[in-house]
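Here is a short briefing to read beside the sequence and the 3D view. Keep both open as you go.

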Amino acid sequence: MSKNIRLEVSKAAQFLAAGAVEALEPRVKAAQKALEESTCAGNDFLGWMHLASSITPEHLADLKETAKVLRENCDTIVVAGIGGSYLGARAVIEALGNSFEWLANDGKNPIMLFAGNNIGEDYLYELTTYLKGRKFGVINISKSGTTTETALAFRLLRKQCEEQRGIEMARKVIVAVTDAKKGAARVTADKEGYKSFIIPDNVGGRFSVLTPVGLLPIACAGFDIEALVKGAADMEKLTAPEVPFAENPAEQYAAVRNALYANGKKTEILVNFQPKLHYMNEWWKQLYGESEGKDGKGIFPAAVDFTTDLHSMGQWIQEGERTIFETVVSVETPEHTVLFPHDDENLDGLNFLEGKRVDEVNKMAELGTQLAHVDGGVPNMRLVVERLDEYHLGQMIYFFERACGISGLLLEVNPFNQPGVEAYKKNMFALLGKPGYEKETEAIKARL
């Protein structure tokens, strides 16, 4: 039986006054009640809360059948989306997949690529060049269909797919994940007859991993979406309001990080000791940055990959400004075994590790780092995950989502909007001379 993920907070709480975390319990429970009763700010975007437990077998079957069509007809699948429309799917796919899949692909699974998350001309040129001669399909993920980065990439990919594979096959291997009724992507999907899935109106992008936004690409990559959803549904129960404060990991995480923030710890660093979790860090950064960074406040979310970044950022974390705390994601059991080999010359002096698992060395690096950083004045929380599989990643996703909702309400911000994201778009459209932005264009040119 799989063990649930667990949160250890003692090496963070020791930096706080006695009872500081417990004192937040009434506010945490009030935040939970506001989420459950939809009385909080942003209450029209709470569809993620009970999503996992409400997904039907029929819906999962539809997603899997669509994934089967793409897998049977494509050797490469490009996921076009930005922010929450791709980070969750990429986080899961990278965590579960072979790190060298794109080099050692054996044909059992399609190569999964990502586009529409930048405006890099060289990136798009190299992507479209690589796709020449490939039997590729596209999953276009966009609620509006007009987000610049994704719309640009989809235009290029759709044209290339139609030219390479023919109109009829293109209609078979292009799938839209978009709004139910409106928007450019919906109009295109209906006109062309693309298979489509709906992004629920009440689920924001950064909370959308367990909608078709995440589930379809994950299924296309060959992973078990039922197990992912089951893990999230189980964590939904473990973080419910009726679970006692001391036993509720989401409540504890939200409380400790806010207590540290009130104590001058303004930056949280999410740490992993498994390279496969790099994109989980990236998803987490968006989830917390976009949810909490507003109204002139918010914990700044940063992330590092250890032990790699111990040789770069490690110095700053150990001895820099003491305004940081760390949350370490610790994976108990890797999927493979590699033993440290013997070397007759022993020039590197490492024969004392002979016969040990590489993971044992990694674990001691993790423990040694935690002790050093705590001694250096850095509070540490630890999220322990039994293994990197679909079930535990589902648990982790829901844990962070639930805690994010609670934490944002403790900060007294709306965790579910992102008004600041629009500022750069307005300036960009004005600079590009987009129709309808004439006044803005005139004003911005005057500034330049």
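The notes below cover a buried strand, its partners and a surface patch.

This is a predicted model. Strand β5 spans residues 174-178, and 5 of its 5 residues are buried. By contrast, Phe100, Trp102 and Leu103 form a nonpolar patch on the surface.

**Strand β5: burial**
- The rest of the structure largely encloses β5, because 5 of the 5 residues in this strand are buried.
- Both faces of the strand are covered.
- One side carries Ile174, Ala176 and Thr178, all buried.
- The other side carries Val175 and Val177, also buried.

**Strand β5: pairing**
- Strand β4 (residues 136-141) runs parallel to β5, and 4 bridges join the two.
- Within that pairing, isoleucine 139 has valine 175 of β5 as its bridge partner.
- Strand β6 (residues 195-198) also pairs with β5 in the parallel sense, over 4 bridges.
- Here valine 175 has lysine 195 of β6 as its bridge partner.
- From β5, the chain passes through helix α10 (residues 184-192) to reach β6.
- This β-α-β crossover is right-handed.

**Surface patch**
- Together, Phe100, Trp102 and Leu103 have about 410 Å² of accessible area.
- Phenylalanine 100 sits in the loop between α5 (87-96) and α6 (101-104).
- Its relative accessibility is 52%, so phenylalanine 100 counts as exposed; the cut-off for exposed is over 50%.

How values were computed
Residues are numbered from 1 along each chain as its sequence is written. This is a predicted model: local features need pLDDT of at least 70, side-chain atom pairs count only at pLDDT 80 or more; totals for chains, interfaces and linings use all residues. Side-chain values use heavy atoms; hydrogens and water are left out. Patches are made of residues with over 30% relative accessible area and no salt bridge: like charges are joined within 9 Å, nonpolar side chains (Val, Leu, Ile, Met, Phe, Trp, Tyr) within 5 Å. Accessible areas come from the Shrake-Rupley method with a 1.4 Å probe; for residues, only the protein chains shown count as cover. A salt bridge is a side-chain nitrogen of Lys or Arg within 4 Å of a carboxyl oxygen of Asp or Glu. Buried means under 20% relative accessible area, exposed over 50%, partly exposed in between (1.4 Å probe, protein chains only). Two strands pair if DSSP finds at least two bridges between them. A crossover is right-handed if, with the strands pointing away from the viewer, the path from the first strand over the helix to the second runs clockwise.
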